[in-house]
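Please open the structure in your viewer and keep the selection panel at hand. The tour goes from stop to stop, saying at each one what to select and what can be found there.

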Amino acid sequence: MAPMSAQEELGEASESRSSRARRRRRRSPTRHRSPAAARVAPSEAEPPSRRRKRKRSRAAKERCRRRKRARAADKNRQEVQEEEEAAASDASSTVSSPARCPCLPSIALPCGGDMLVDVGPEVEAAYDEELEKYLAKTKRDYRLPTLDETISPTCMNMNELLPIRESATKIVLQAAKFVVGLSSHIDGKLLAQSSGFFIDWDERTRCGTVLTSAHIICTKHTPGTQEYASDSQVTVHLNRKTSVDACLLHYDMHYNLAVFECHMDLSPQLPCLSDEVTYAQDIFVLGRNERLNLDISYGQVLWFENHHHMYVGCKVAKCDSGGPVINFDGGVVGMVDPIVATAFIPVSVILRCLRLQKKFNCIPRLHLGLKLSAIKFLDPSRIELISDSYGITEGLIVNKVAVGSVAEKVGIRIGDIIECWNGECISTTAKLDDMLLRVCEDHFDKGNGLGCSMQLTVEVFRVRKEHRRTKRLTLIVSDELESFVEEGTYMVSAREGSREETPHGMGDTDGGDSCVK
């Protein structure tokens, strides 16, 4: 017998030790097992070959079958979705056939030209059908944004804008992101279309606030009469594909403002509001037309004022009402008001109105019964004439006085010049309107409300007698539209030609005033 090597001896020794250990484990009785080992479950203690299968309940079997069916259904749905996506991808990648105009067979004539061949009614019918398909395809092609030539050109092609066209285009396109179109309906019938722009956004509630003209809900507008349908259905068109319903928050008839709220997923871009407006400032008027295309008008600010209005030297489309007026830095300086042609409301007035509405749930104002114009915006020759005649270069000229108003009763007449209001020298109607709103805000802060009376002191230069008087006007604070009757009338007797009735204010009374030297 050959001697064993060291490795063989080591392996045999190891095998003998392991076999001895197995024999000891088999001989060890159950009573020597530890309590922990005794508590081991039979399925874990016994070898796998000796484990017995557990009987599952009928409910467990049913749950298992339902899980299998659900997994199979999910797998089928996934396969169907993958097939649909693949089909859509194949369809989108398919190149459309080029447009080809159908024609009928013809023969060339010796003298020039072609003559159609008689092909029969069937071929002619097929030709008509193919021609109709060709024309429809051509019409669809020219509706593509890249080929659509029906869009009206804007002011960007004007010679005045050629030197700055590239920079101006960037400014306009950036501002266009917050310009939207609006439409209103009553019982499914279109009422009006206008433009607007976002002024606020609540990220938590996903609500955007849109400012526009109250023209969008106006059902009747005549001199002295305005009617609004606050329950009309208003839609905000975010773009050509996305529209959302809007809820009216509030509107004001005097300032012709309307504020709507709409819920949407996308976060809108908000404008930069600028209350700095200068004479002859270059501006753009933006809006959305009936097709929701961008309207752009170019002009300058004109200081022909009418209460809270300022004017622009360009034509403005009707659908652009409520749209923003922006400067060449992209800042919004006003909102287009369709009530007065080519007019806009400056941002300074808009911001104060919005603050008052948020603070007091109304926009209080005073009914002056006056229509005024600024001396500083007259022709220089007229300014010189007024200065030489009365020694006045700034102030507000009284153009009209309402019949029966407080101003008429205290003796203010057309042609007079009002230089100061509550001790403050005011030279423009826009500044006057801002001051009156500020006075009303202070009046409300003191605990007063609508319907309360307050006094307004004005310094008037009476041009007919060439002296100054301080008038005290006791006015009612209201948020309603002012009714302005421009001319008074009286009955004339046919026999004597005398007046039978004289309206208030026809006499030259000086009640409620004091002389100012």
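Begin by selecting F328, a residue that is partly exposed, with a relative accessible area of 24%. Before going further, please bear in mind that this is a predicted model.

**The rings around F328**

Keep F328 selected and add Y298; the centres of the two rings are 6.2 Å apart and their planes meet at 40°, so this pair is tilted. Y298 belongs to strand β12 (residues 294–306), whereas F328 sits in the loop between β14 and β15, so the pair ties together parts of the chain that are 30 residues apart in sequence. Y298 counts as buried, because its relative accessibility is 13% and the cut-off for a buried residue is under 20%.

Now add F284 to the selection. F284 and F328 form a stacked aromatic pair, with 4.9 Å from centre to centre and 15° between the planes. Since F284 lies in strand β11 (residues 282–288) and F328 in the loop between β14 (324–327) and β15 (332–337), this pair ties together parts that are 44 residues apart in sequence. F284 is buried, at 0% relative accessibility. With the three residues shown together, you have a cluster in which ring pairs link F284, Y298 and F328. In the structure as a whole there are six aromatic pairs.

**The barrel**

Next, select the strands β3, β4, β5, β10, β9 and β8, which in that order close into a barrel of six strands with antiparallel pairing. From one strand to the next, the twist averages 40°.

Where do strands β3 and β8 join? Select residues 179–186 for β3 and residues 233–237 for β8, and look between these antiparallel strands, which are joined by five bridges. One residue to pick out here is S183, whose bridge partner in β8 is T235.

**Helix α7 on the sheet**

With these strands still on display, add helix α7 (residues 347–360), which packs on the sheet and touches β4 (189–202), β5 (207–213), β9 (243–252) and β10 (257–263). The direction of the helix makes about 65° with that of β10. Following α7 from its first C-alpha to its last, you cover 20 Å over 14 residues, close to the 20 Å expected at 1.5 Å a residue.

Which residues of α7 are buried? Select V347, V349, I350, R352, C353, L356, Q357 and F360, which are the buried residues of this helix. They pack against β5, β9, β10, β15, β16 (343–346) and α10 (429–445). Just after the helix, stop at N361, which takes a positive phi of about 65°.

**Salt bridges between α7 and α10**

For the last stop, show the side chains of R352 and D434, which form a salt bridge whose closest N and O atoms are 2.8 Å apart. This pair links distant parts of the chain, with D434 in helix α10 and R352 in helix α7, 82 residues apart. Buried or exposed? R352 is buried, with a relative accessible area of 13%, and D434 also counts as buried, at 18% relative accessibility.

Move on to R355 and E441, where another salt bridge has its closest N and O atoms 3.7 Å apart. Here too distant parts of the chain are linked, since R355 is in helix α7 and E441 in helix α10, 86 residues apart. R355 is partly exposed, with a relative accessible area of 38%, whereas E441 is buried, with a relative accessible area of 9%.

Leave E441 selected and add K359, because E441 also forms a salt bridge with K359, the closest N and O atoms being 3.4 Å apart. E441 in helix α10 and K359 in helix α7 are 82 residues apart, and K359 is partly exposed, with a relative accessible area of 44%.

To see how these contacts connect, select R352, R355, K359, E424, D434, R438, E441 and D445, which salt bridges with shared partners join into one network. A search of the whole structure finds 14 salt bridges.

Definitions and conventions
Residues are numbered from 1 along each chain as its sequence is written. This is a predicted model: local features need pLDDT of at least 70, side-chain atom pairs count only at pLDDT 80 or more; totals for chains, interfaces and linings use all residues. Side-chain values use heavy atoms; hydrogens and water are left out. Two strands pair if DSSP finds at least two bridges between them. Helices (H or I, at least four residues) and strands (E, at least two) are DSSP runs, numbered from the N terminus. Axes are lines fitted to C-alpha atoms, for helices over the stretch in contact, and angles run from 0 to 180 degrees between N-to-C directions. Contact means heavy atoms within 4.5 Å. Rings of Phe, Tyr and Trp (its six-membered ring) pair if their centres lie within 6.5 Å; planes under 30 degrees apart count as stacked, over 60 as edge-to-face and the rest as tilted. Buried means under 20% relative accessible area, exposed over 50%, partly exposed in between (1.4 Å probe, protein chains only). The expected span of a helix is 1.5 Å times one less than its number of residues. A salt bridge is a side-chain nitrogen of Lys or Arg within 4 Å of a carboxyl oxygen of Asp or Glu.
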